[in-house]
Amino acid sequence: CMGSSFPTGKYLISYENMPPFLMGGWRFMAAGLFMLLIPILTRGVQAIIPTSEGSVAKGLLLTAVVGALQTTGTMGFLNLALESVTSSMSSIILFTNPLWLAVLAHYLLHDKLNKRKIISLIIGVAGVIVCLGLESVKGGTGLFYAFLGSICWAICTVVSKRFVFDKDSWVFTGWQLFLGALFMLIIAWIRHEKYDIGDLQTWGWVWFIWLILPASVGSFGLWFSALRQGGATLASGFLFLVPLFSTIFSIFTLHDGLSIQLIIGGCLIVLSLFLLNREY
């Protein structure tokens, strides 16, 4: 589900000319409202009141912070990256976040770095450098945005593990998507982004609806469920599969090419993440 969001988002931004933050705001607003509406219909309004340690204020603050980091930060930077970077490359850079999470977890989650983890980090960074190439490192604004999105995701994972949300992961995801979407729409307004949704062509509508349901509701719902049930490092370790699926989807839908540089760098990153989570 996550892997499919890269080529579909790239298509909407590059071929349908949707502005990055406006597209993200509409996408996650619809997804968030959809996820909150289901528990309201099945269990009542009380089921979606956000609380943390019994406090509504803490619950709103937690979901707002996660929404700002995960939805606004991570996905906002990703959409900016997709304006100038291929979906395959952006997914590889974005999903290096388990590497940066390992460093943050050492200091904030008491998940200490050992020799194996340090070696895996070195291999992962080498993989990123190979993917980008020296020339790209010097001038790739889009790649820098993807990297910032990766850092936002790593910080968000730490926050999600450090603080408790009283409701289930479905409600938590709905709130963070909804609030993150609000922040994205505010940024879109500041950036003077405008788009007539009626200009979308048939395939544009297909991919936009896909972004809302499987790529948003499905992927984020499953992600936060996995995060609550497993450790942060374990859950993040499976994210190395996302660039693989993103690349496969991109080849078939956007006809993206594969370079030796991308293959070698991607393999190094996969090896790094495998070593990082080998004890599991």
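**Figure 1. The whole chain, read from its N terminus, runs α-α-α-α-α-α-α-α-α-α-α-α.** Welcome to this predicted model, which we start with in full before moving to the close-ups. The protein chain has 12 helices and 0 strands. Its radius of gyration is 18 Å, close to the 19 Å that the globule rule gives for 280 residues, so the chain is as compact as a globular protein of that length. Along the principal axes, the C-alpha atoms fill a box of roughly 50 × 50 × 30 Å. Of the 280 residues, 54% count as buried. If you follow the contacts between residues at least 6 apart in sequence, 88% of them join residues at least 24 apart. On the outside, the protein chain exposes about 12,800 Å², and carbon and sulfur atoms supply 71% of that area.

**Figure 2. Arg43 and Asp168 meet through their side chains in a salt bridge.** The structure holds 3 salt bridges, and this view takes up the pair with an N to O distance of 3.4 Å, Arg43 and Asp168. Which parts of the chain does the pair link? Arg43 sits in helix H2 (residues 20-43), while Asp168 belongs to the loop between helix H7 (141-162) and helix H8 (169-190), so these are distant parts of the chain, with the partners 125 residues apart. Both ends of the bridge have some access to the surroundings: Arg43 is partly exposed at a relative accessible area of 49%, and Asp168 is partly exposed at 31%.

**Figure 3. Helix H2 also carries Ala30, whose C-alpha lies 8.9 Å from that of Leu213.** Staying with H2, let us look at another pair of residues from separate stretches of the sequence. Ala30 and Leu213 are 183 residues apart in sequence, yet their C-alpha atoms are 8.9 Å apart in space. Is Ala30 buried or exposed, or something in between? Ala30 counts as partly exposed, with 29% relative accessibility.

**Figure 4. Glu53 joins Lys58 in a salt bridge and has a positive phi.** Glu53 is worth a pause for its backbone as well as its side chain. The residue is found in the loop between H2 and helix H3 (56-82). There its phi is about 55°, a positive value although Glu53 is not a glycine. Most residues other than glycine have a negative phi. The side chain of Glu53 meets that of Lys58 at 3.1 Å, N to O. How accessible are the two partners? Glu53 is exposed, with a relative accessible area of 60%, whereas Lys58 counts as partly exposed at 44%.

**Figure 5. In the loop between H8 and helix H9 (202-229), His192 has a positive phi.** His192 is not a glycine, and its phi is about 60°. This residue is exposed, with a relative accessible area of 65%. Another salt bridge can be viewed here, formed by the side chains of Arg191 and Glu193 at 2.7 Å, N to O. What can be said about the accessibility of Arg191 and Glu193? Arg191 counts as partly exposed at 40% relative accessibility, while Glu193, at 12%, counts as buried.

**Figure 6. A nonpolar patch on the surface includes Ile248 and Phe249.** The members of this patch are Phe238, Leu241, Leu244, Phe245, Ile248, Phe249, Ile251 and Phe252. How much accessible area do they have together? The answer is about 740 Å². For a reference point within the patch, look to Ile248, which lies in helix H11 (residues 241-253). Ile248 counts as partly exposed, with 33% relative accessibility.

**Figure 7. Cys1 has no disulfide partner, as the structure holds 0 disulfides.** We finish at the start of the sequence, with a cysteine. A disulfide is a covalent bond between the sulfur atoms of two cysteines. Why does Cys1 not form one? The closest cysteine sulfur is that of Cys156, and it is 18 Å from the sulfur of Cys1, too far for a bond. The cut-off behind this reasoning is that the two sulfur atoms of a disulfide lie within 2.5 Å. As for its surroundings, Cys1 is partly exposed, with a relative accessible area of 49%.

Technical notes. Residues numbered from 1 in each chain as written. Predicted model: local features only at pLDDT ≥ 70, side-chain atom pairs only at ≥ 80, totals over all residues. Heavy atoms only, no water. Buried < 20%, exposed > 50% of the residue type's maximum accessible area, 1.4 Å probe, protein only. Salt bridge = Lys/Arg side-chain N within 4 Å of Asp/Glu carboxyl O. Helix = DSSP H or I, 4+ residues; strand = E, 2+ residues; numbered from the N terminus. Patch = residues over 30% accessible without salt bridge, like charges linked within 9 Å, V, L, I, M, F, W, Y side chains within 5 Å. Areas by Shrake-Rupley, 256 points an atom, 1.4 Å probe, with all protein chains shown as cover. Rg over C-alpha atoms; globule rule 2.2 N^0.38 Å. Contact = heavy atoms within 4.5 Å.
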